[in-house]
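Subject: Structure for your review

Dear colleague,

I am handing over the structure below, and I would be grateful if you could look through it alongside the notes that come after it.

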Amino acid sequence: MADVYTCKYACRYTSEIIYALRRFSDFINRDHIKVLSFGCGPCTDLFAIDYLKRNGKMHYQSIEYRGIDYSKEVWQLIHHDIKSFESDNCRIHFFYADMCKIIHEISQGTWTPNLIAFQYVFSDMHKHTGPTGTMDYINTFSQYYNEKVPINTFTLLNDVNLGTDYGGGRDYFDRLYSKLKSSTMRRGRFCNDNSRSLYYPRGYPYGEDSDGEFPDNTNLFDLRRWRRYSPFDTCASAQILIKKEAGI
């Protein structure tokens with residue numbers, strides 16, 4: 001199941017993160033990357049960073065990736081394959097834990113990221129944990145962010161472009177941002193070529209400019225080898241990009 005999921009969705013999700021990181025112009029020039037990925041799953045945020053370096057858009061000297069996911073049984077074989085690419089300049093660690101609980105341990109540690117990623121997390125959390133549990137996590141994360149996360153740390157939330165009333169988690173984007181101190185943000189969404197809404201045939205609005213639609217939603221990978229898995233040709237998510245600033 002995990003193999004098929006990765007082959008079907010990884011190119012789309014990785015493309016969505018690539019577009020987001022390109023908008024983090026200050027981030028892509030970092031020499032040392034430290035990623036904290038909540039709900040890392042198949043690690044499409046790590047794939048996106050690797051893609052950007054291979055294509056000459058990032059020039060970092062080292063990367064440390066810490067991925068958190070509850071489902072060890074689902075992802076451990078794929079994570080084993082990913083860890084086989086480790087080197088002296090690329091360190092990868094996985095933690096199999098409930099992120100609502102491990103956030104307390106993270107807040108007590110000394111290691112801090114400069115990129116925090118939530119990749120399709122809040123829609124899944126809303127479905128399995130419910131609104132009360134999700135807001136409890138947001139409150140705990142916000143306290144960690146405000147007290148421990150250093151200036152010039154970037155946070156990326158990428159998820160299905162649906163509100164909680166329709167089974168998504170996009171409403172939590174703005175609830176989380178409202179609790180973060182000294183931060184700026186940009187938000188928007190990709191055109192959804194597969195939208196079935198009569199009123200929003202290009203997908204639900206989200207963002208500051210008009211309906212918030214990004215100018216391009218092309219999947220950035222050659223999908224011919226993946227056709228048997230019926231991958232999506234285009235991106236379709238909603239995103240909010242957050243930067244921690246100094247004293248605003």
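What follows is an account of the sheet, one helix, one loop residue and the cysteines.

Please keep in mind throughout that this is a predicted model.

The sheet is open and has 7 strands, in the order β3-β2-β1-β4-β5-β7-β6, and its pairing is mixed. Its edges are formed by β3 (90-95) and β6 (183-189), each of which pairs on one side only, and from one strand to the next the twist averages 15°. At the β6 edge, the partner strand is β7 (residues 237-244), and the two run in the antiparallel sense over 7 bridges; within this pairing, Arg187 has Ile240 of β7 as its bridge partner.

Helix α1 (residues 2-23) lies across β4 (115-119), β5 (154-160), β6 and β7, and it runs at about 35° to β7. The helix is mostly covered, since 17 of its 22 residues are buried. There is also a kink of about 50° in α1, centred on Tyr9. As for its length, the 22 residues should span 32 Å at 1.5 Å a residue, and because the C-alpha atoms at the two ends are 30 Å apart, the model agrees with that expectation.

In the loop between β6 and β7 sits Tyr204, which has a relative accessible area of 25% and is therefore partly exposed, as the cut-off for buried is under 20% and that for exposed is over 50%. Leaving aside neighbours within four places in sequence, Tyr204 is in contact with Asn161, Leu162, Tyr166, Arg170, Arg189 and Ser197. One of these, Leu162, is 42 residues from Tyr204 along the chain, yet their C-alpha atoms are separated by 7.3 Å.

Finally, the cysteines: how many disulfides does the count come to? The count comes to 0 when a disulfide is taken as a pair of cysteine sulfur atoms within 2.5 Å. For Cys7, the closest cysteine sulfur is that of Cys11, and because the distance is 8.4 Å it is too far for a bond. For Cys191, the closest cysteine sulfur belongs to Cys235, and at 11 Å this too is too far for a bond. Both Cys7, at 16% relative accessibility, and Cys191, at 7%, count as buried.

With best wishes

Note on methods:
Residues are numbered from 1 along each chain as its sequence is written. This is a predicted model: local features need pLDDT of at least 70, side-chain atom pairs count only at pLDDT 80 or more; totals for chains, interfaces and linings use all residues. Side-chain values use heavy atoms; hydrogens and water are left out. Helices (H or I, at least four residues) and strands (E, at least two) are DSSP runs, numbered from the N terminus. The expected span of a helix is 1.5 Å times one less than its number of residues. The bend at a residue is the angle between axes fitted to the seven residues ending there and the seven starting there. Buried means under 20% relative accessible area, exposed over 50%, partly exposed in between (1.4 Å probe, protein chains only). Two strands pair if DSSP finds at least two bridges between them. Axes are lines fitted to C-alpha atoms, for helices over the stretch in contact, and angles run from 0 to 180 degrees between N-to-C directions. Contact means heavy atoms within 4.5 Å.
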